[in-house]
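Here are some short exercises to work through with the coordinates open beside you. Try each task before reading its solution.

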Amino acid sequence: MRELTLELKKLLRNRIIQIVCLGFLAVAVFDPLSVMYEDFDQNGMLLQDIGKNPFQFLLLTNSVSWGNQVYNTLFWVIAVLLTGMLFFQEQKSAALTCQVVRMGHRRYFASKIFATGLFTFVSVFVILCVNLLVTCLVFREWHVFSSYYEYLIPREGTFAAALYQVSPLWMMVGYIVLNAAALALFALFALAMQMVFRFPNVYVAIVLPVVILFLLSYYMDTSPERFHYNIRMLLQPRAASGLTEILSAQDLAITFGGWAVIDAILLFLGVRRRQEVV
């Protein structure tokens, strides 16, 4: 427990993570505010036809907003940077050897892995919940169901439809949890890459995992047989309503399970490799 606390404190104090989280938080807060300001600037004409139901304006849902574009464009970069590049920095200095000797190999790597996944999940979850809160405060017309709102209702048979049937708010929270969990998985993927490979510099350590994740996502998108397992599609609420393909709960479980297995294998290889080096 003490080792985990120390790792979490290092992540909290990391300058890279602080910049990423503050930037992400700014996007989460100002995205819905900017939509309302633009509507106010146009004397209410912008949202006159589509209404002001908060379900339509969540950062994850509002695909035409600048905040959604920023989030989806930088998705892989956010995942990699939320590791803080701490392990890369430690293994470049004597810090890695010193900590392994002091804490023990197993305890050091267990705390490092768990802290990275936990911190990423919690930070993303909190930031997206702030976006949900601001959205619900700015847009309060839960009772208004425009034709645009109807277009956002998930198709029958999708995993999102089951959440929506409970309540629209439940579906919004569900997608927040999924996005936080996905970014935690990809942060662990980036951490595993730092363990397995000895990158020459921090820029390569950042860019290479981003490129690999992007190419894997692109590959999954090139075939109808693989499309159901493209995690980027599963994480977007609009995919559940706008696509002809039905993204089921089974697709969701297989995709997240597959990424968890990939992470587990890479982390195992990384820990074994560092056991031989340290």
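**Exercise 1. A pair of helices**

Task: find how helix 1 and helix 7 cross, and which residues meet there.

Solution. Start with the axes: those of helix 1 (residues 2–13) and helix 7 (residues 105–138) come within 8 Å and cross at roughly 50°. Next, classify the angle: helix 1 is therefore oblique to helix 7. The handedness follows as a separate step, and helix 1 passes helix 7 in a right-handed crossing. Finally, list the contacts. From helix 1 come Glu3, Leu4, Glu7, Leu8, Lys10, Leu11 and Leu12. Their partners in helix 7 are Arg107, Tyr108, Ser111, Lys112, Phe114, Ala115, Thr116, Leu118 and Phe119. Keep in mind throughout that this is a predicted model.

**Exercise 2. A second pair**

Task: describe the packing of helix 9 on helix 10 in the same steps.

Solution. The axes of helix 9 (residues 159–166) and helix 10 are 5 Å apart, and the helices pack at an angle of about 135°. That angle makes helix 9 oblique to helix 10; angles have to be over 145 degrees to count as roughly antiparallel. The crossing of helix 9 past helix 10 is right-handed. On the helix 9 side, the contacts involve Phe159, Ala160, Leu163, Tyr164 and Val166. Helix 10 answers with Pro168, Trp170, Met171, Gly174, Tyr175 and Leu178.

**Exercise 3. Length and burial of helix 10**

Task: work out what span helix 10 should have, then check it against its end C-alpha atoms.

Solution. Helix 10 covers residues 168–196, which is 29 residues. At 1.5 Å a residue, the expected span is 42 Å. The end C-alpha atoms are 42 Å apart, so the two values agree. Now turn to the surroundings: 23 of the 29 residues are buried, so helix 10 is largely enclosed by the rest of the structure.

For a closer look, pick Ala182, which sits in helix 10. Its relative accessible area is 0%, so Ala182 is buried. Beyond its neighbours within four places in sequence, Ala182 is in contact with Phe75, Ile231, Leu235 and Phe256. As a distance exercise, take Val64 too: Ala182 and Val64 are 118 residues apart in sequence, and their C-alpha atoms are 22 Å apart.

**Exercise 4. Cysteines**

Task: how many disulfides does the structure hold?

Solution. A search of the whole structure finds zero disulfides. Check Cys21: the nearest cysteine sulfur belongs to Cys129 and is 14 Å away, so Cys21 fails the 2.5 Å cut-off. Cys21 counts as buried, because its relative accessibility is 16%. Then check Cys136: its closest cysteine sulfur is also in Cys129, 10 Å away, which is too far for a bond.

**Exercise 5. Two single residues**

Task: decide whether Met85 and Ser34 are buried, partly exposed or exposed.

Solution. Locate Met85 first: this residue lies in the loop between helix 4 (75–81) and helix 5 (86–92). With a relative accessible area of 0%, Met85 is buried. Its phi is near 55°, a positive value in a residue other than glycine. Most residues other than glycine have a negative phi.

Ser34 belongs to helix 2 (residues 15–41). Its relative accessible area is 25%, so Ser34 is partly exposed. To finish, compare sequence with space: Ser34 and Gly67 are 33 residues apart along the chain, and their C-alpha atoms are separated by 9.4 Å.

How values were computed
Residues numbered from 1 in each chain as written. Predicted model: local features only at pLDDT ≥ 70, side-chain atom pairs only at ≥ 80, totals over all residues. Heavy atoms only, no water. Helix = DSSP H or I, 4+ residues; strand = E, 2+ residues; numbered from the N terminus. Expected span 1.5 Å × (residues − 1). Buried < 20%, exposed > 50% of the residue type's maximum accessible area, 1.4 Å probe, protein only. Axes fitted to C-alpha atoms, helices over the stretch in contact; angles between N-to-C directions. Parallel < 35°, antiparallel > 145°, perpendicular 65-115°, else oblique. Left-handed = near helix turned anticlockwise from the far one by under 90°. Contact = heavy atoms within 4.5 Å.
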